[in-house]
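This report goes through one protein structure part by part. Please keep the sequence and the 3D view open while reading.

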Amino acid sequence: MFDVHPGRVRFRHHSALAVAALIVLVSGVPLATAAPYLWMVLLVPLAVAVWAWRSGTDADASGLRVRALIGDRRLPWSQVDAIVPTARGRVAVRLVDGGSVALTAVTAADLPRLIAASGQSTDPGGSVQ
């Protein structure tokens with residue numbers, strides 16, 4: 001799922017994931033109140049709900065911002081060597097220092113929007129110029 005703003009593209013997981021996690025969270029309350037140690041059962045759907053709501057990738061002309069459950073990482077385009085699709089249909093960026101970062105919630109079908117948001121062009125090999 002993506003949300004387009006002037007000069008910025010936001011890629012997020014489908015909101016149905018967060019809704020499903022919240023339903024499981026509410027459904028687990030009777031189990032969690034059955035015994036004092038069962039309250040921890042609620043942590044899993046709570047973590048999934050927060051992850052689904054928070055995680056994603058933002059792209060604009062200045063760079064990428066990759067958000068996870070806890071924390072985020074800002075990558076200026078000057079650190080990106082190439083944008084590459086993975087074997088599982090996701091997208092990662094190869095960094096100039098040799099590392100790589102998976103782009104949360106970005107699929108191979110989203111590559112044209114991602115590259116357009118960067119203001120960059122691609123060469124025939126698919127790397128960002």
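The text below covers a sheet, a nonpolar core, some charged pairs and a few single residues of this predicted model.

## The sheet of three strands

Strands S6, S7 and S8 make up an open sheet, in that order, and their pairing is antiparallel. S6 and S8 are the edge strands; each has a single partner strand, so one side of each has no neighbour in the sheet. On average, neighbouring strands here are turned by 25° against each other, direction ignored.

S6 covers residues 80-85, S7 covers 90-95 and S8 covers 100-107. The antiparallel pairing of S7 with S8 runs over four bridges. Two positions show how these strands are set against each other: Val 93 stands opposite Val 101 in S8, and Arg 90 has Thr 107 of S8 as its bridge partner. S7 and S8 form a hairpin, with four residues between the two strands. Gly 98 lies in that turn and has a positive phi of about 100°.

Another positive phi occurs in S8 itself. Ala 105 is found in this strand and has a phi of about 70°, although Ala 105 is not a glycine. Most residues other than glycine have a negative phi. Ala 105 counts as buried because its relative accessibility is 8%, under the 20% limit.

Helix H4 lies across S6, S7 and S8, and runs at about 160° to S6.

## The nonpolar core

Which parts of the chain supply the largest nonpolar core? This core has 20 residues, and those with the most contacts inside it are Leu 64, Leu 75, Ile 83, Val 91, Val 93, Leu 103 and Leu 114. At least two core residues come from each of strand S2 (8-12), strand S4 (63-67), strand S6, strand S7, strand S8 and helix H4 (111-118). In soluble globular proteins, nonpolar side chains tend to be buried together.

Leu 114 gives a view of the core from one residue. Leaving out residues up to four places away in sequence, Leu 114 touches Phe 11, Ala 59, Leu 64, Ile 83, Val 91, Leu 103 and Val 106. Val 93, the residue set opposite Val 101, is also among the core residues with the most contacts.

## Salt bridges

The model has five salt bridges. Three of them are set out here.

| Acidic residue | Basic residue | N to O distance |
|---|---|---|
| Asp 58 | Arg 12 | 3.0 Å |
| Asp 72 | Arg 65 | 2.9 Å |
| Asp 81 | Arg 94 | 3.2 Å |

The pair of Asp 58 and Arg 12 links distant parts of the chain: Asp 58 is in strand S3 (residues 56-60) and Arg 12 is in strand S2, 46 residues apart. Asp 58 is buried, with a relative accessible area of 8%. Arg 12 is buried too, at 11%.

Asp 81 and Arg 94 join two strands of the sheet. Asp 81 belongs to S6 and Arg 94 to S7, so their salt bridge ties together parts 13 residues apart in sequence. Asp 81 is partly exposed at 34% relative accessibility, and Arg 94 is partly exposed at 37%.

In the remaining pair of the table, Asp 72 counts as partly exposed with 41% relative accessibility, and Arg 65 counts as partly exposed with 30%.

## Arg 54 and its surroundings

Why does Arg 54, although buried, have no salt bridge? The nearest side chain of opposite charge is that of Asp 72, 4.1 Å away, and a salt bridge needs a side-chain nitrogen of Lys or Arg within 4 Å of a carboxyl oxygen of Asp or Glu, so this pair does not count as one.

Arg 54 is part of helix H3, which spans residues 43-54. Apart from neighbours within four places in sequence, Arg 54 is in contact with Arg 12, Arg 67, Ala 68, Leu 69, Ile 70, Gly 71 and Asp 72. Two residues of this list, Arg 12 and Asp 72, appear in the table above with other partners.

Ile 70, another contact of Arg 54, is located in the loop between S4 and strand S5 (72-76). Is Ile 70 buried or exposed? Ile 70 counts as exposed because its relative accessibility is 76%, over the 50% limit. Ile 70 and Arg 54 are 16 residues apart along the chain, and their C-alpha atoms are separated by 8.7 Å.

Notes
Residues numbered from 1 in each chain as written. Predicted model: local features only at pLDDT ≥ 70, side-chain atom pairs only at ≥ 80, totals over all residues. Heavy atoms only, no water. Core = buried A, V, L, I, M, F, W, Y, C linked by side-chain atoms within 4.5 Å. Buried < 20%, exposed > 50% of the residue type's maximum accessible area, 1.4 Å probe, protein only. Contact = heavy atoms within 4.5 Å. Lys, Arg positive; Asp, Glu negative; His and termini not counted. Pairing = 2+ DSSP bridges. Axes fitted to C-alpha atoms, helices over the stretch in contact; angles between N-to-C directions.
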